2 protein chains.
Amino acid sequence: MKNVVLASTSTLHGETYLSYLLPVMKELYAGITEVIFIPYARPGGISHDEYTEKAAAVFATAGLQLRGLHTFADPAEAIRGGAAFFTGGGNTFLLVKQLHEQGLMHVLRGAVEKGAPYLGTSAGSNIGGVNMQTTNDMPIVYPPSFDTMGLIPFNLNPHYLDPIPDLPHMGETRETRIREFQVQQDLPVLGLREGSWIRVKGDRITLEGSVAARIFEKDKAAYELEPGNDIQL
Amino acid sequence: MKNVVLASTSTLHGETYLSYLLPVMKELYAGITEVIFIPYARPGGISHDEYTEKAAAVFATAGLQLRGLHTFADPAEAIRGGAAFFTGGGNTFLLVKQLHEQGLMHVLRGAVEKGAPYLGTSAGSNIGGVNMQTTNDMPIVYPPSFDTMGLIPFNLNPHYLDPIPDLPHMGETRETRIREFQVQQDLPVLGLREGSWIRVKGDRITLEGSVAARIFEKDKAAYELEPGNDIQL
């Protein structure tokens, strides 16, 4: 049974890393002792070791051991034998490039489809979608493919941001960008605001957390979905 | 002699399309009667025809005829024989994919290197850089390469945006994104704020317009450059 949490962000404004997600992690990882951490997105360009240390410190407070995927001699083998996973945020292009080049995207998908608990934040949530084509990230590297795991049958836009009133800036709004994507591809997109996450248990997908999500379906007006509701896209 | 204008945006807040650039266009296109328009970036998903009509209406007020590249039977031949060019904004991934798939990126570069005046706005300016890897756009399609024309020896970040004070949003700032790029690639990046443009005349590159640019070189503190100054990167 799929057991997945895809969160908009790792950190809420004014809070410490992952703190708002601790209760969610305890439920998701119930019965688990070791979690494999995928640090490839490297926020701010920090090293895999530094990123793993930062995340491990928080996981320890929940009684969970965290080990970086980069420390295994055979990462594919490690994923196949892994009990549970966490993919942190950072740059989605970097994350997806690494996973594809090492042949790990489909291996990770296979392990999660079989029931290994999976937590993603930001870039780590993007790869739960059908493809990474609604990321906000900068294309700092060139991945061999934009396809991702497809743990859910739609795409995410993490850190979803409403237009900022009175900002005299002419760059495209997030909504305009998502609509431009849907001119190219008829795939629903869920704008996931900071503070909320998607929960997948088997075939059931729900929105959880503190704020509504904004849903974009091609040729339909965008609409809001409140936490606690099923997502049927 | 290279004769190029790369502008941050087509439109300033509260103004009409291209109006602030009209004096620049008159100087850039002096002696020219017909300009070829490259509409492939399709802002908001509008059609090539609609986009060309919109731009042609403004060009007409400057006494310039505009013809869309998509209306030529042989676009490469059209570029080789073209007197001058304008590439409009929209989605950089879409623009770059079209240019590469039709084998036009290097043809356009060749024509501009030989002296045909070139104006780019936003996505059309991004392709004047070394690669498109510091665009703000969403990866709505997968281009065969991120390489662009390299009319200047650095990259641009159009619509450069300073951090917004008091915004309780945890997505990366523009500066963080550019720094993440420079962890991957040692290439200077010029953050081009709306209201300014880069002017290339032969080997001389200057910043023009109404606001300073922010310059990022790897392992150096970012710094401001005022309009009227040479850009030596």
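**Where chain B meets chain A**

Between chain B and chain A, the count of salt bridges is 2. Keep in mind that what you're looking at is a predicted model. One salt bridge to find on screen joins A:Arg177 to B:Asp137, with the closest N and O atoms 3.7 Å apart. Besides salt bridges, there are polar contacts to look for: 13 residue pairs make them between chain B and chain A, with both residues at pLDDT 80 or more.

Which part of chain B gives the largest share of the side that touches chain A? That's H7(B), with 7 residues. This helix covers residues 174-184, and both H7 and H4 of chain B supply at least two residues of the touching side. Sort the residues on that side by character and you get 22 nonpolar, 17 polar and 7 charged.

Now step back and take in the whole interface. Here 46 residues of chain B are in contact with 46 residues of chain A. The size of an interface is often given as the accessible area lost when the parts come together. For chain B and chain A, the buried area is about 3800 Å², and carbon and sulfur atoms give 61% of that. Three residues, B:Met138, B:Tyr142 and B:Met170, supply 19% of the area that chain B buries against chain A, more than any other three residues.

Next, zoom in on B:Asn91. You'll find this residue in the loop between strand E4 (85-87) and helix H4 (92-101) of chain B. Is B:Asn91 buried or exposed? Its relative accessibility is 2%, and anything under 20% counts as buried, so B:Asn91 is buried. Leaving aside neighbours within four places in sequence, the contacts of B:Asn91 include A:Glu180 from the other chain, along with B:Asp137 and B:Met138. You've already met B:Asp137 in the salt bridge with A:Arg177. The side chain of B:Asn91 also has a polar atom 2.9 Å from the backbone nitrogen of B:Phe93.

Last stop: helix H5 of chain B, residues 105-113. Its buried residues are B:Met105, B:Val107, B:Leu108, B:Ala111 and B:Val112. Why do they line one face of the helix? Looking down the axis of H5(B), you see the buried residues fall within an arc of 165 degrees, so they line one face. In general, an α-helix has 3.6 residues a turn, so residues three or four places apart point the same way. The cover over the buried residues of H5(B) includes strands E1, E2, E4 and E5 and helices H3 and H4 of chain B. Just after H5(B) comes B:Gly115, which takes a positive phi of about 120 degrees.

Notes: Residues numbered from 1 in each chain as written. Chains lettered and ligands numbered in written order. Predicted model: local features only at pLDDT ≥ 70, side-chain atom pairs only at ≥ 80, totals over all residues. Heavy atoms only, no water. Helix = DSSP H or I, 4+ residues; strand = E, 2+ residues; numbered from the N terminus. Buried < 20%, exposed > 50% of the residue type's maximum accessible area, 1.4 Å probe, protein only. Contact = heavy atoms within 4.5 Å. Polar contact = N/O pair within 3.5 Å; in protein donor to acceptor, adjacent residues only side chain to side chain. Arc of directions from axis to C-beta. Buried area = accessible area lost by both parts, 1.4 Å probe. Salt bridge = Lys/Arg side-chain N within 4 Å of Asp/Glu carboxyl O. Nonpolar A, V, L, I, M, F, W, Y, C, P; charged D, E, K, R; others polar.
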